Amino acid sequence: MQARVIPIVAGGEVQRERKRGGPKGRRADAAQVAEVRETLGDAPRRRDLLIEHLHKLQDRFGHLSAGHLTALAEEMRMAQSEVFEVASFYHHFDIVKEGGATPAALTVRVCDGLSCELAGAQRLLDKLPTLLGADVRVIPAPCIGRCEQAPAAVIGQNPVPCATTEKIVSSVRMGATKHEPEGYVGLSQYRASGGYRVLEEFLAGKRSVDDVIGTLESSGLRGLGGAGFPAGRKWKIVRAEPAPRLMAVNIDEGEPGTFKDRVYLERDPHRFLEGMLVAAWAVGIDAIYIYLRDEYHGCRALLQQELDRLRADPPSAGLPKIELRRGAGAYICGEESAMIESIEGKRGMPRLRPPYVAQVGLFGRPTLEHNFETLYWVRELLERGAEWFSSQGANGRKGLRSFSVSGRVKDPGVKLAPAGITIQELIDEYCGGMLDGHRFYAYLPGGASGGILPATMNEIPLDFDTLQPYGCFIGSAAIVVLSHQDRATDAARNLMRFFREESCGQCTPCRAGTAKALAIIEQPRWDLPLLEELSRVMRDASICGLGQAAPNPVDCVIKYFPQELGEPK
């Protein structure tokens with residue numbers, strides 16, 4: 001299209017301005033537009049499906065070229081800047097600028113989270129590039145949710161548990177194999193053991209909504225993703241909002257040290273699905289969106305398989321609309337409003353509140369947001385009753401907790417134990433004790449953001465509200481155990497590096513604060529007054545929990561491990 005020349009009179013003189021014949025920016029190449037259309041097929045071009053479409057392109061071509069991003073923007077009738085800002089926000093999208101080198105055909109990601117660092121991840125990162133050569137890209141990755149299998153790696157999309165250089169090299173050369181989870185319960189086995197009977201009773205009107213919600217409230221079941229909000233109260237709040245109501249399920253457990261959702265999902269997905277459908281029935285949900293982290297590739301295939309089976313043979317009243325959405329590598333999307341932004345196809349940036357997601361959530365509608373494990377317990381709790389669940393606690397606490405335990409113990413893994421158990425009891429009675437040659441030195445009671453405590457504080461009940469007086473919290477019950485061969489200062493550096501990389505960048509206290517804190521604690525001697533001031537600003541002024549909790553490990557090291565800083569006790 002030729003540009004038109006339009007005369008403009010200014011100051012008595014005729015000037016000429018060239019009017020553009022199309023939108024500003026790069027023009028889409030016809031061949032690349034055709035490739036994008038072929039890749040997307042007949043999928044809707046809705047704005048909220050942008051991340052799903054980016055995944056399809058990356059899965060096919062191994063990266064996102066500038067040309068394909070331009071073509072995708074044209075196909076979806078979006079600004080190129082919108083497409084680029086979303087694609088560049090998430091770790092798992094490899095953007096190749098015009099004329100840039102494409103990444104290697106195969107990528108090996110080695111987890112450098114705290115548990116994997118303790119198990120030797122850095123040695124893998126040092127040796128693998130030479131052993132694998134230039135045809136394989138080796139990069140560090142934030143926690144991939146396999147802390148009990150440390151050090152863990154991912155070849156392409158296939159995990160390598162308890163990785164060694166020999167194991168990874170062999171897998172690359174022979175082709176990584178997929179591992180079927182042990183003890184897996186599919187739809188037929190689940191129904192044979194009474195599965196979906198609870199849901200069928202509710203659909204048949206044998207129990208009222210008020211009865212179900214009352215049971216949840218009496219049991220004391222709280223949100224098990226970290227916030228701990230009472231589940232029954234949340235159902236009542238959302239149910240009171242005007243329809244249509246939506247539901248968002250958070251399976252983006254990116255907190256270093258956390259892997260419980262993955263373990264349960266790999267073994268008994270329908271227990272979670274039944275709890276989800278009970279919640280949808282009780283609250284009056286029109287559509288459900290399940291947000292699963294991209295690192296759980298095998299879980300995604302299993303969950304999609306079981307959803308398809310359930311759709312083919314649903315409960316008597318059928319199913320609401322259920323969409324499985326794929327994360328793209330962003331810890332911040334574990335925060336409920338950031339997850340909702342991501343489901344809508346945007347950058348995963350937390351929203352300012354109020355309004356809360358229960359009032360104005362997904363697509364502007366009242367939204368019931370839940371963690372996977374909270375829903376996982378709904379069936380059993382309703383079958384056995386509130387008293388059964390609330391009577392399980394220890395040391396004056398109520399309920400059960402799924403502790404993700406990793407680090408220097410003989411038997412790491414998910415340990416179902418009474419709420420209120422102490423770390424010493426957990427190590428001795430559930431984990432087989434400490435590894436040979438290791439003495440208990442310190443522990444993280446609530447993952448990366450939950451703080452660090454010394455072994456001398458080993459009698460604190462592990463539960464909601466019991467750790468706050470010590471500057472810690474239980475969060476998602478991710479326990480990382482350190483020994484006398486480790487240093488709390490090194491753990492704090494690892495965690496702050498993680499927070500710096502995972503900050504969404506929206507607010508200055510978190511974006512600049514995590515970077516500044518890391519720079520300070522990487523020095524031989526820490527500037528304690530500056531760290532104290534920085535911690536206060538981050539806690540008071542950060543938009544979401546990432547920035548507010550990021551100072552916890554550093555503050556705990558200063559308070560409980562002064563000997564490592566060369567300070568007097």
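## Helices across the four-stranded sheet

In this predicted model, helix H6 (residues 121-132) lies across S5 and S6 and runs at about 170 degrees to S6. Helix H7 (residues 165-174) lies across S5, S6, S7 and S8, and its direction makes about 15 degrees with that of S7.

The sheet that these helices cover is open and is built from four strands in the order S6-S5-S7-S8, with mixed pairing. Its edges are strand S6 (136-141) and strand S8 (158-160), each of which pairs on one side only, and the twist from one strand to the next averages 25 degrees. Within the sheet, strand S5 (residues 106-111) pairs with strand S7 (residues 153-155) in the antiparallel sense over three bridges, and Val108 has Ile155 of S7 as its bridge partner. The loop between S6 and S7 contains Pro151, and the peptide bond leading from Ala150 to Pro151 is cis, with omega near -10 degrees.

## The buried face of helix H4

Helix H4 (residues 80-87) has Val83, Val86 and Ala87 among its residues, and these three are buried. Seen down the axis of H4, the buried residues fall within an arc of 95 degrees, so they line one face of the helix. An α-helix has 3.6 residues a turn, so residues three or four places apart point the same way. The buried residues of H4 pack against helix H2 (50-61), strand S3 (64-65), helix H3 (66-75) and strand S4 (95-96).

## Packing of H11 on H13

Helix H11 (residues 231-239) and helix H13 (residues 269-283) pack with their axes 9 Å apart and at an angle of about 45 degrees, which makes H11 oblique to H13. On the H11 side the contact is made by Trp235, Val238 and Arg239, and on the H13 side by Val278, Ala279, Ala282 and Val283. Divided by character, the residues of this contact are six nonpolar, no polar and one charged.

Pro244 is placed in the loop between H11 and strand S9 (245-251), and a cis peptide bond, with omega about 0 degrees, joins Ala243 to Pro244.

## The five-stranded sheet and its helices

Another open sheet has five strands in the order S14-S13-S17-S15-S16, again with mixed pairing. S14 and strand S16 (453-454) are the edge strands, each pairing on one side only. Strand S15 (residues 440-444) and S16 run antiparallel and are joined by two bridges, and the bridge partner of Ala442 in S16 is Pro454. Helix H12 (residues 260-267) packs on this sheet, where it touches strand S13 (400-407) and S14, and its direction makes about 100 degrees with that of S14. Helix H19 lies across S13, S14, S15 and strand S17 (478-483), running at about 120 degrees to S14.

Thr422 is placed in the loop between strand S14 (413-418) and helix H19 (423-430). With a relative accessible area of 7%, Thr422 is buried. Setting aside residues up to four places away in sequence, Thr422 touches Asn395, Asn458, Glu459, Ile460 and Leu462.

## Buried residues and their contacts

Ile322 lies in strand S11 (residues 321-326) and, at 7% relative accessibility, counts as buried. Not counting residues up to four places away in sequence, Ile322 touches Met276, Leu277, Ile288, Ile290, Leu307 and Arg311. The C-alpha atoms of Ile322 and Thr70, which are 252 residues apart along the chain, are separated by 30 Å.

Leu495, found in helix H20 (residues 488-502), also counts as buried, at 1% relative accessibility. Although 381 residues separate Leu495 from Leu114 in sequence, their C-alpha atoms are 7.1 Å apart in space. With residues up to four places away in sequence left out, Leu495 touches Leu114, Leu444, Ala448, Ile452 and Pro553.

## Positive phi outside glycine

Tyr196 has a phi near 70 degrees, a positive value in a residue other than glycine. Tyr196 lies in the loop between helix H8 (187-192) and helix H9 (197-203) and counts as buried, at 1% relative accessibility.

Asp465, likewise not a glycine, has a positive phi of about 75 degrees. The place of Asp465 is in the loop between S16 and S17, where the residue counts as partly exposed, at 45% relative accessibility.

Note on methods: Residues are numbered from 1 along each chain as its sequence is written. This is a predicted model: local features need pLDDT of at least 70, side-chain atom pairs count only at pLDDT 80 or more; totals for chains, interfaces and linings use all residues. Side-chain values use heavy atoms; hydrogens and water are left out. Two strands pair if DSSP finds at least two bridges between them. Axes are lines fitted to C-alpha atoms, for helices over the stretch in contact, and angles run from 0 to 180 degrees between N-to-C directions. Contact means heavy atoms within 4.5 Å. Buried means under 20% relative accessible area, exposed over 50%, partly exposed in between (1.4 Å probe, protein chains only). The arc is that of the directions from the helix axis to the C-beta atoms. Angles under 35 degrees count as roughly parallel, over 145 as roughly antiparallel, 65 to 115 as roughly perpendicular and the rest as oblique. Ala, Val, Leu, Ile, Met, Phe, Trp, Tyr, Cys and Pro count as nonpolar, Asp, Glu, Lys and Arg as charged, and the others, Gly among them, as polar.
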